[in-house]
Amino acid sequence: MKLAVCINHVPDTATKINIAADGKAIDRTGVTYIIGPYDEFALEECLRLKEKNGGDVTAISLGGDTHKETLRKALAMGADKAVLLKDDNARDSFAVARALADYLKEISPDVVFFGKQSVDYDDGAVGVMVAEMLGMPSVSVCVKLEIVNGKATAEREIEGGREVVEATLPAVFTAQKGLNEPRYPSLKGIMGAKSKPIEERPASVVAGKTELIKMEKPPAKAGGKIVGTDAGAVPELVRLLHEEAKVI
Amino acid sequence: MKILVFAEQRENKFKKPAFEAVKTARSIADQLNGEVIALVVGGDVQSIAPSLGGYGAQKVLIAEDPRLAHYASRAYARLVADAAEAHQATIVLIPATAMGKDLAPRVAVRLDAGLASDCTALNVEGGEIVATRPVYAGKALTQLKVNSASKVFTLRPNVFAAGESSGAVAPVERMSADLTEQDLSCVATEIKQSSARLDVSEADIIVTGGRGLKGPEHFAMIEQLAEALGAAVGASRAVVDAGWRPHDEQVGQTGKTVSPSLYVAVAVSGAIQHLAGMSSSKYIVAINKDKDAPIFQVANYGIVGDAFEIIPALTAEVKKMLGKN
Ligand SMILES: Cc1cc2nc3c(=O)[nH]c(=O)nc-3n(C[C@H](O)[C@H](O)[C@H](O)COP(=O)(O)OP(=O)(O)OC[C@H]3O[C@@H](n4cnc5c(N)ncnc54)[C@H](O)[C@@H]3O)c2cc1C
Ligand SMILES: Nc1ncnc2c1ncn2[C@@H]1O[C@H](COP(=O)(O)O)[C@@H](O)[C@H]1O
């Protein structure tokens with residue numbers, strides 16, 4: 001089984017975000033980057049599919065040289081091959097998807113995994129866009145997956161429950177928390193990853209379709225009110241919710 | 001200029017975000033002198049379709065087939081794109097629900113359109129739509145324009161007002177579904193309902209409990225308050241990871257993003273990843289014994305005190321006010 005997983009290199013979720021001087025991006029100074037948390041579930045699922053069905057796992061990231069750090073982590077966790085689609089410019093989800101789809105078409109995997117969303121721009125779009133570009137079925141936001149004889153049965157999270165989806169391979173999946181528990185790279189894996197090569201090639205060039213006008217911090221909440229310090233404050237809280245906020 | 005709205009239904013009932021999207025389309029169309037067309041896809045939707053007129057749709061297209069009763073991403077996406085093309089709708093609005101978020105990227109690719117996802121505002125400026133969307137889990141906001149000829153926007157549920165129906169009915173036009181094998185290569189076959197009475201992503205009021213509650217047994221107190229308020233029960237990740245509550249109740253970066261009218265956080269510290277999922281709630285109440293807990297920074301109202309004492313009192317007071325006792 002040929003498995004591919006697309007992973008992004010994103011700011012740690014606990015990072016404090018400051019806006020860069022141009023007002024169009026974040027200030028990257030002092031920001032630590034990690035493998036996208038959902039992409040880690042995606043990678044883990046590929047490793048498990050490989051352990052079960054044989055085959056190999058290719059990890060792909062589109063971005064600048066810094067993305068090698070995340071590809072190195074994927075190798076340490078157990079990916080067989082890592083590919084950097086090199087591009088130093090910011091892209092929108094359409095342009096990212098197009099370049100990933102161009103590369104994936106070349107290697108024609110049976111299963112392509114993505115995270116359900118990047119934790120930077122939070123689009124949650126690239127995986128399903130790639131599926132449509134490649135003319136493949138897809139199941140997004142998977143919390144469970146079983147593959148038997150070229151047929152996938154997946155469960156995706158929806159409001160109030162789960163939707164069971166059947167899809168034929170080759171297919172695209174996007175991973176949600178709950179799908180699995182990602183492993184820690186073993187010492188052997190970490191040492192081995194150092195000597196594995198990362199293939200580099202230029203990402204195909206495509207223009208984006210969206211234009212960022214500005215990025216800013218959300219307006220600060222106008223000072224909240226501490227109503228009290230014990231149960232004695234409860235009637236006043238309920239009054240405020242009813243009369244001032246009008247939410248109950 | 002025409003706007004096509006994908007009006008999501010499940011089990012032949014519209015979801016509230018469908019009304020929100022139609023109403024938003026109406027307001028944009030009014031500013032741009034445009035027309036609003038809604039599309040309903042499903043197994044048997046003819047009877048519900050005309051009601052979208054009450055939110056401002058001038059025409060409702062329906063695509064029906066028993067095989068569309070459950071969501072089938074490729075078929076749904078093709079029908080949305082076909083409808084947009086057939087009616088020359090250059091703007092497509094889709095609710096950013098579980099279904100809409102899955103559908104929109106396919107629709108965008110089919111229409112060669114740029115996508116702005118999970119928008120929290122759409123404003124018309126100089127004849128163009130400027131979308132606002134949160135990034136970095138709500139730690140920053142961006143404003144963007146879509147430059148392609150066709151444009152797709154998904155709208156975060158509960159943020160755009162649906163208002164009340166005017167009672168108007170819209171004419172219905174049937175489009176043929178003509179399903180192919182490819183359309184049906186990934187289809188939902190069944191829905192497993194979760195045990196929760198009400199899902200956090202659809203609730204207007206949420207009461208969330210955190211690790212400060214010390215054990216799963218103390219969630220009974222949270223459930224009682226939720227019951228009194230007609231609210232859904234939410235959970236922090238700490239609580240879900242400890243196995244006290246199921247993952248589908250988790251609010252935050254790796255859980256659900258919610259924007260209810262009222263969010264009550266009980267014994268939740270307000271870690272940045274938790275705030276990511278709930279800071280766009282309209283009113284936030286925090287109950288925490290630590291006055292320095294970060295949750296107070298986003299709360300409109302707070303009580304610094306012991307949840308074990310405050311929550312039962314709050315439940316009683318709410319019941320009293322709502323005349324439930
Ligand atoms: C990649 C990543 C993703 C994450 N995603 C999420 C997510 O989606 N959702 C999420 O919630 N977290 C998420 N987290 C975890 C997050 O960082 C916090 O660890 C978590 O939110 C803490 O949960 P808590 O507030 O319930 O617990 P704690 O931080 O332990 O807070 C407990 C609070 O209860 C208060 N308390 C204690 N006793 C009482 C009492 N008797 N009465 C009143 N108050 C009391 C304490 O003062 C404290 O503030 C994520 C973390 C990472 C790294
Ligand atoms: N630059 C990138 N390189 C590789 N994969 C990416 C990149 N950007 C996004 N992805 C993948 O697409 C998923 C969804 O991203 P997004 O649509 O940006 O939220 C991520 O979880 C990754 O799996």
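**Exercise 1.** Break down the shell around ligand 2 by residue class.

*Solution.* Sort the residues with a heavy atom within 4 Å of the ligand. Ala, Val, Leu, Ile, Met, Phe, Trp, Tyr, Cys and Pro go to nonpolar, Asp, Glu, Lys and Arg to charged, and the others, Gly among them, to polar. The shell then has 9 nonpolar, 6 polar and 2 charged residues. In all, 17 residues surround ligand 2, and A:Cys6, A:Asp39, A:Ser118, A:Gly124 and A:Ala125 are the closest.

The model is predicted: local features need pLDDT of at least 70, side-chain atom pairs count only at pLDDT 80 or more, and totals for chains, interfaces and linings use all residues. Residues are numbered from 1 along each chain as its sequence is written, chains are lettered from A and ligands numbered from 1 in the order in which they are written, and side-chain values use heavy atoms, with hydrogens and water left out.

**Exercise 2.** Which atoms of ligand 2 lie 2.9 Å from A:Gly115 and 2.8 Å from A:Val126?

*Solution.* Start with A:Gly115: a backbone N or O atom there is 2.9 Å from an oxygen atom of the ligand. Next, a polar backbone atom of A:Val126 lies 2.8 Å from an oxygen atom of ligand 2.

**Exercise 3.** How many residues does each chain give to the contact between chain A and chain B?

*Solution.* Count residues with heavy atoms within 4.5 Å across the chains. Chain A gives 75 residues and chain B gives 87. Then look for salt bridges (a side-chain nitrogen of Lys or Arg within 4 Å of a carboxyl oxygen of Asp or Glu). The interface has 7 salt bridges, including A:Glu163 with B:Arg10 at 2.8 Å, N to O.

Methods
Polar contact = N/O pair within 3.5 Å; in protein donor to acceptor, adjacent residues only side chain to side chain.
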